[in-house]
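User: Can you walk me through how the chains in this one fit together?

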2 protein chains.
Amino acid sequence: MDLKSYLVEQRSCIDAALELFLPNETDLPHSIHKAMRYSVFAGGKRVRPILMLAACQAVGGETGRVLPAACAMEMIHTYSLIHDDLPAMDNDDFRRGNPTNHKVFGEAIAVLAGDALLTEAFKLVSDPRHTGGCDPAALLAVIHEIAACAGSCGMVGGQVIDMESEGRHDIDLATVQYIHTHKTGALIKASVVSGAILGGAAGHQLAAITRYGEAAGLAFQIADDILDIVGTTEEIGKDTGSDEARGKATYPAVMGLASAKNEAQAMMDEALRSLECFGAEADRLRDIARYIVQRRT
Amino acid sequence: MDLKSYLVEQRSCIDAALELFLPNETDLPHSIHKAMRYSVFAGGKRVRPILMLAACQAVGGETGRVLPAACAMEMIHTYSLIHDDLPAMDNDDFRRGNPTNHKVFGEAIAVLAGDALLTEAFKLVSDPRHTGGCDPAALLAVIHEIAACAGSCGMVGGQVIDMESEGRHDIDLATVQYIHTHKTGALIKASVVSGAILGGAAGHQLAAITRYGEAAGLAFQIADDILDIVGTTEEIGKDTGSDEARGKATYPAVMGLASAKNEAQAMMDEALRSLECFGAEADRLRDIARYIVQRRT
């Protein structure tokens with residue numbers, strides 16, 4: 001199966017699982033569950049859950065067992081988008097061509113929908129109905145990895161420095177690196193590490209997958225910065241050039257577009273190198289690393 | 001030791017543990033860690049963590065093991081206060097006599113500090129450095145209990161219905177009950193249930209503690225409603241009568257002050273009755289149930 005068909009298939013598998021795992025709109029209170037589902041099903045590519053499944057496959061694990069954790073990761077990613085879009089933060093009215101959560105449901109429900117999705121993620125991974133077949137110690141390790149990467153020393157920390165850097169003209173490469181490795185990279189790393197843990201990875205495999213996740217996560221965000229400049233509005237579903245207009249700290253802004261492209265490529269190469277201890281079972285991780293840098297959306 | 005001295009001692013023990021478990025202000029990014037600590041150390045009574053320790057003691061467990069989960073519960077309680085105070089929600093400028101988080105750090109950091117505290121709670125309970133001596137299956141059960149009670153079908157759900165009910169004149173008792181059992185009761189129930197699980201409770205003990213938590217949680221919130229009417233501003237650190245001014249759904253509003261006082265008493269009696277299978281080892285839980293209804297702050 002080619003990568004495109006694989007991604008479509010995996011995405012629909014994740015979507016079906018999310019449909020199953022999320023509270024229903026008919027559950028009380030209706031408004032919060034509508035708001036949670038609105039943003040979860042707003043056209044996400046499911047990159048993080050797909051990476052988690054692929055990492056599990058690379059270490060020879062059963063991918064079916066990883067679905068709850070994979071969906072939990074997508075819930076956390078979605079909560080972060082809802083809160084980042086709030087008027088007090090990035091103040092975005094549209095995401096992927098659709099009105100943002102607070103534009104549809106109001107600011108209060110948007111804050112609470114984000115809170116609820118973050119909470120639901122940990123409920124799901126610890127739910128005996130869904131993860132009862134997994135080793136409890138492995139589940140705890142996954143919960144710890146996800147929480148550490150999503151918290152104030154991970155993703156939230158990246159968003160803080162991103163906001164504090166906006167509009168400043170003295171941002172250096174180290175700061176942009178901090179933002180990218182934390183705001184985007186941390187969850188991508190947590191995704192592959194969690195997949196590997198639940199797949200029963202040996203120590204050297206876990207170390208290799210961790211290096212892969214760090215490199216691929218950084219490559220992903222640099223590619224995003226580049227797309228904001230060279231992509232079309234139609235392709236990426238929001239106005240291009242928005243980073244520059246806001247004075248956002250990006251790779252192209254601190255090192256120029258050509259160097260940023262080289263850097264994304266270098267990170268992709270590093271991701272591939274880190275997988276040298278694996279055979280064909282890691283081919284999907286390799287394909288995804290290439291796709292991350294070459295994608296147009 | 002009388003209850004007052006016991007509460008002071010337990011509170012200082014919880015405060016010391018929170019000091020240890022929370023990221024330092026010197027950790028990057030400084031702003032978020034300052035904001036997290038500002039609200040955690042803003043004078044909370046630590047009712048939920050103290051209840052967790054007391055429930056552990058009631059079933060004969062080692063209370064030292066429960067400290068991380070107890071602190072996690074206080075972090076979740078604190079996050080909920082920070083987000084509830086936001087301009088888009090209750091728009092409160094003061095809490096316990098101090099400026100609220102967003103008044104000091106701005107709205108964006110306040111949203112993120114809440115997010116980070118919620119995330120940190122799950123990181124802490126799953127951290128092998130702190131809970132490595134506990135049974136992994138028990139820890140997973142605690143994580144699931146906490147997440148279920150804090151999420152969209154628990155505390156967050158209660159806040160949603162509370163907001164949606166504000167200013168309406170047709171609120172009935174069932175709605176007020178829903179708000180109280182979810183917004184406040186759920187975390188109190190989760191606290192005692194978690195303490196009992198980590199203390200190694202037998203099935204019938206866990207059931208009894210669960211009933212205790214439900215009754216005590218409701219008693220606590222009815223007492224809060226009553227305090228908002230009969231307390232002085234100096235005692236409770238915020239303007240009294242604020243619930244009525246906002247058209248908040250409260251017990252006194254739907255059944256009158258005298259009936260509300262009777263109901264709080266009835267819930268306290270039910271909490272005490274549910275502990276009949278325990279001996280003196282549950283005396284602290286009994287004392288706390290009485291204190292919850294009789295307190296002046």
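Analyst: Sure, starting with how the copies meet. Going by contacts (C-beta atoms, placed from the backbone, within 7 Å), 100% of the interface residues of chain A are also interface residues in chain B, so the copies meet through the same surface. Bear in mind this is a predicted model: local features need pLDDT of at least 70, side-chain atom pairs count only at pLDDT 80 or more, and totals for chains, interfaces and linings use all residues. Residues are numbered from 1 along each chain as its sequence is written, while chains are lettered from A and ligands numbered from 1 in the order in which they are written.

User: Which element gives the largest share of the side of chain A that touches chain B?

Analyst: 44 residues of chain A are in contact with 44 of chain B. On the chain A side, helices H2 (30-40), H6 (107-125), H8 (136-150) and H9 (155-165) each give two or more residues; helices here are DSSP runs (H or I, at least four residues), numbered from the N terminus. The largest share, eleven residues, comes from H6(A).

User: What rotation superposes chain A on chain B?

Analyst: The fit is least squares on C-alpha atoms of residues with pLDDT of at least 70 in both copies. It gives an RMSD of 0.0 Å, with 0.0 Å of shift along the axis and a rotation of 180°. That's the relation of a two-fold axis.

User: Which residue of chain A comes closest to the rotation axis?

Analyst: Taking C-alpha positions, the closest approach by chain A is 2.8 Å. The residue there is A:Pro136.

Methods: Contact = placed C-beta atoms within 7 Å.
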